[in-house]
Structure formats: C-alpha cells, structure tokens
Amino acid sequence: RNYKSQTECRGDINRLSAPFLAIYESLIPSEEEKEKQKQLMALLNKHVTREWPGARLFLYGSCANSFGFRKSDIDVCLALGDADIDKSEILLKLADILKSDNLENVQALIRARVPIVKLMDPVTGISCDICVNNLLAVINTKLLRDYSKIDVRLRQLAFIIKHWAKSRGVNETYQGTLSSYAYVLMCIHFLQQCNPPILPCLQGMARTYTVNVDNVECSYFDQVEKLQGFGSQNGESIARLVWGFFNYWAHCHDYANDVISIRAGRLVSKQAKDWTRRIGNDRHLICIEDPFEVTHDLGRVVDKRSIRVLREEFERAAEIMQYDPNPCVKLFEPY
Ligand code: ATP
Ligand code: MG
C-alpha cells in the first residue's frame, strides 16, 4: 500500500487511545522508586561534599527529565566550579571514595566518550553513572522537563515512542540509531508543528531563565505554569498523535532538505546550517538540532545503513497505525 501525507486517518482512531494510555501508565516510575533515587542522591552528596565542599550533584537524563521508565538507571552530574580540572583524576578519586562505602561494582571509565564512574547501590538496587561538569546535559534536562509540564500528551507520546523504539531496536546509538534524547526532541517538534500547536516554542518567548554554560548561552521562558492549557485548542487524542507522529516521519518529513529545531519551533533548512554534505563522520541523513548546542546534530550517529532501518521502521509503524485492528500488539513486537 502506498499512502502519502494527505492520508486520511482511519475513522476509528480514538478507540485506540485507551490501550496506549494503559501502556503509558504501566511504564511510569512509582513514587517509591523516586524516593529511593533521592535516598541514593543523599548518600552520594554526603561523600562528594566531604571531599569537595563547593561541589554540587545534579540528576540529569531520563530520571530527571520526566521521560524515564520505571526501573531505569540514574544519571548524575558532579559539578565542580573549576573548569580546568582533570576529569580523569576527579573520577578516579571519586571511585576510591565510593568504593570505601558499601557501594558495589564501582568502576571509573575514564576513556569513554563521556568519562564516568559507574556503581550499584545494594540498598536501593539502583545503578548510577556519574559524570563531571556536563552542565549542558543538566540544562537540556530542565528544558525537556519544562516542556513536559505544559501538556500531558507530550509525556504520553514520548513514552509510547521510546517504548516502540526500544522494542524495535532503534534506540541504539552505537548501532547508528537514535538516542532517547533525540526521540523526545522529535516528539516536541511534532507537537510544536501541529495545527493548532500543542506546545509553544519556549526558546522563542521572553526569557525568564538564563545561564551560560561552556560558552553557550542557554535561555528560554521557563514559567511554564503560566502556559497551562496552551494546547487545549487542539483536542487530538493520544492515538491520533501517535498515528500522526509515525505518518510524519514515514511520509511527510523532507529528509533531504530539512532540520527539525525545537529551538526555532519549526523546520530550518540544511542549507542554512551547512549540513548538506558529510563532514568527517557527520552525514546528516536525519537532522535533529540540539536546542542549545546548535552546531550539534543528534542525527549524526545515523549512517547509510541505519537510516534505511529507521525509515522502514517509521513506515512499518505508520502502516500498523493506519490499518491494524489492534496496533498495540504489532507496534511493540520485538524485532
Ligand atoms: P533512557 O530512558 O533511554 O535511559 P535518557 O533520557 O537517559 O533515556 P539518553 O539519550 O541516554 O537518554 O540521554 C541522557 C541525557 O544525556 C539526556 O537527557 C541529555 O540531557 C543528555 N544527552 C544525551 N545525548 C546527548 C547528545 N547527543 N547531546 C547532548 N546531550 C545529550
Ligand atoms: Mg539514561
């Protein structure tokens, strides 16, 4: 079957919302789990501030951006005021300190792309990665969390898309598919461009929050409680949005010319960003602009083989959403 962007959505789409919402509910972390995360953070904080009195610990990534599933690991950033520190030295020292407490599997991975200390806390059962001075990740975590407070459909959609990507094996950056972070940006973009929009463009509004990190100015409107009801002009159901998301990436997006940008709140051209050709390992076959590091394409991990895999998966999902009587089974079938 060959249907294009003008495809009419199936008539019975809204009856599919209940099973999607049930999946979403089943993936949300419990309050108990959040408590355990806090408990582990308090323990880590105690050790860190004893050694480095001015240091601070931040949660980032899915455990803090509101898009985390239950039973996931936590990502922690150790922020030391001094920019000129030797990260390896700090991480080795941190590993030594934490080993002396009863934490398990403490390892310093100092040669990784993002060097970290890994550990497991036997009391809470939580595993954790700690990096040093990765503050942009802390800020983009806040941006994502702020977006999720505006309209609950973002969190619902992103959970379903992440669950789909994990089930179908297309959430593996080392195999050339996309990170969870990239999928959440794709969901935000989708909800910004629908008509009427379900999400605003926070970086296009009066700034109420500004920080400078690694020479990048990060600023946006963060008083999101004032934006409650922003998307209420658009009454689309979650099932209809899932359908729309896959239809967008299967049949509407112009991969050859367009970059999605939640910073701009619309598409921008590859031409304007000079992302039209391969430079080094960056092929720009699907372009997702980082909201703060604007020279950074989250799609850069995607290569000639994996772009085919991704697009075939989007097409498969769009087809299931359009024709399958019970899409929730097929959509999440293990690959
Ligand atoms: P999961 O539930 O799959 O663990 P996650 O949100 O922790 O999801 P990751 O993609 O591992 O997903 O990213 C963790 C955090 O690291 C993100 O929230 C983001 O702050 C940051 N991050 C990840 N990849 C990038 C990137 N390429 N550029 C900038 N920041 C990134
Ligand atoms: Mg993570």
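This short talk covers the site around ligand 1, then two backbone details. Keep in mind that we are looking at a predicted model.

Let's start with the location. Ligand 1 sits in the largest pocket. Which domains give residues to its shell? Domain 1, residues 13-27 plus 150-331, contributes, and so does domain 2, residues 31-136. Ligand 1 therefore lies between the two domains.

Now the shell itself. It holds 16 residues. The closest are Asn140, Lys162, Lys166, Ser180 and Leu298. By type, 8 residues of the shell are polar, 4 are charged and 4 are nonpolar.

Next, the helices. Four of them each supply at least two residues of the shell: α3 (62-65), α5 (135-148), α6 (152-167) and α7 (180-193). Which helix gives the largest share? That is α5, with 3 residues.

On to polar contacts. I have three for you, and each uses an oxygen atom of ligand 1. Serine 62 comes in through a backbone N or O atom, at 3.1 Å. Tyrosine 181 also uses a polar backbone atom, at 3.4 Å. Aspartate 75 uses its side chain instead, with an N or O atom at 3.5 Å. And how much of ligand 1 does the protein cover? On its own, ligand 1 has 610 Å² of accessible area, and the protein covers 74% of that.

Last, the backbone. Most peptide bonds are trans, and most residues other than glycine have a negative phi. Here are two exceptions to look up on the screen.

The first is a peptide bond. From asparagine 195 to proline 196 the bond is cis, with omega near -5°. Where is proline 196? Look in the loop between α7 and β6, where β6 spans 209-213.

The second is asparagine 105. Its phi is positive, about 50°, although this residue is not a glycine. Asparagine 105 lies in strand β3, residues 104-109.

That's the tour. Questions, please.

Terms used: Residues are numbered from 1 along each chain as its sequence is written. Chains are lettered from A and ligands numbered from 1 in the order in which they are written. This is a predicted model: local features need pLDDT of at least 70, side-chain atom pairs count only at pLDDT 80 or more; totals for chains, interfaces and linings use all residues. Side-chain values use heavy atoms; hydrogens and water are left out. A residue is near a molecule or strand if one of its heavy atoms lies within 4 Å of it. A polar contact is a pair of N or O atoms within 3.5 Å; within protein, one must be able to donate a hydrogen and the other to accept it, and residues adjacent in sequence count only if both atoms are side-chain atoms. Accessible areas come from the Shrake-Rupley method with a 1.4 Å probe; for residues, only the protein chains shown count as cover. On a 1 Å grid over the protein atoms alone, a cavity is a set of points where a 1.4 Å probe fits but cannot get out, and a pocket is an open set with protein on both sides within 12 Å along at least five of seven lines; lining residues have an atom within 4 Å of a point. A molecule sits in a cavity or pocket if more than half of its atoms lie within 2 Å of its grid points. Helices (H or I, at least four residues) and strands (E, at least two) are DSSP runs, numbered from the N terminus. Ala, Val, Leu, Ile, Met, Phe, Trp, Tyr, Cys and Pro count as nonpolar, Asp, Glu, Lys and Arg as charged, and the others, Gly among them, as polar. Domain bounds come from an automatic or database domain assignment.
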